[in-house]
Amino acid sequence: MKLIIAAFPPEKLPEVKQSLWKSGIKIMTVIDVRGCGQQKGYMEEYRGIIEEINLHRKVMVLIAVNNSFVEKTTKAIIKGARTGSIGDGKIFILDLYDCIRIRTGEKGVAAIGGDSVESKNLKKIEKVI
Ligand SMILES: Nc1ncnc2c1ncn2[C@@H]1O[C@H](COP(=O)(O)OP(=O)(O)OP(=O)(O)O)[C@@H](O)[C@H]1O
Ligand SMILES: [Mg+2]
């Protein structure tokens, strides 16, 4: 299992979400963050005072996936976030030691996604509707 962490500009979140959704990735955590990349900072004058603004608003999307989903997930994020300009964002991929669904005690791949019996039943209902 891997934990995919992507930081990118907040205005790209709708496109990234849509792209992930199209690739079948519907489970995620989104955090509002601030950060800077290799451009570090820039200077801005506000009411005569020059200050260094080096933290830009970004969103951080966290998605825990089975190994077979890593490429699909990163491709979907890139498709949604890439403009070709600086500041498009960055993706980190970490080994994920474990995952526990608190309600059921399921662990690992059984706990990571929407593959529980209930969610399969939910999918059947969605199809009927
Ligand atoms: N090495 C890093 N460690 C932690 N956070 C990072 C790192 N690199 C980038 N980030 C986060 O990702 C955000 C987006 O990074 P950004 O796209 O500016 O990367 P970059 O390396 O500067 O590439 P580019 O030259 O395309 O701008 C940053 O604002 C920061 O929050
Ligand atoms: Mg940058």
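The following paragraphs describe the fold of a predicted protein model and the surroundings of its ligand.

The model is predicted, and local features are reported only at pLDDT of at least 70, side-chain atom pairs only at pLDDT 80 or more, whereas totals for chains, interfaces and linings use all residues. Residues are numbered from 1 along each chain as its sequence is written, while chains are lettered from A and ligands numbered from 1 in the order of writing.

The protein chain contains four helices and six strands, where helices (H or I, at least four residues) and strands (E, at least two) are DSSP runs numbered from the N terminus. Read from the N terminus, these elements follow the order β-α-β-β-β-β-α-β-α-α. Of the 129 residues in the protein chain, 16% are buried, a residue being buried if 20 or more other C-beta atoms, placed from the backbone, lie within 10 Å of its own, exposed if 12 or fewer do, and partly exposed in between. Among contacts with a separation of 6 or more, 72% link residues 24 or more positions apart, a contact being a pair of residues whose C-beta atoms, placed from the backbone, lie within 7 Å.

Four strands are arranged in an open, antiparallel sheet in the order β2-β5-β1-β6, with pairing taken to require at least two DSSP bridges between two strands. The edges are formed by β2 (29-35) and β6 (90-95), each of which pairs on one side only. Neighbouring strands of this sheet are turned against each other by 25 degrees on average, direction ignored, the axes being lines fitted to C-alpha atoms, for helices over the stretch in contact, and angles running from 0 to 180 degrees between N-to-C directions. Helix α2 (residues 70-81) packs on the sheet, where it touches β1 (2-8), β5 and β6, and its direction makes about 5 degrees with that of β1.

At one edge, β2 pairs with strand β5 (residues 56-65) in the antiparallel sense over seven bridges; Thr29 has Leu62 of β5 as its bridge partner, and Gly35 stands opposite His56 in β5. None of the seven residues of β2 is buried, so this strand lies largely in the open. At the other edge, six bridges join β1 to β6, and the two run antiparallel, with Lys90 of β6 as the bridge partner of Ala7. Strand β6 is likewise hardly covered, the count of buried residues among its six residues being zero.

Around ligand 1 there are 13 residues, of which Ala7, Gly35, Gly37, Gln38 and Ile86 come nearest, a residue being near a molecule if its C-beta atom, placed from the backbone, lies within 6 Å of it. This shell comprises three nonpolar, seven polar and three charged residues, with Ala, Val, Leu, Ile, Met, Phe, Trp, Tyr, Cys and Pro counted as nonpolar, Asp, Glu, Lys and Arg as charged, and the others, Gly among them, as polar.

Methods:
Two residues are in contact if their C-beta atoms, placed from the backbone, lie within 7 Å.
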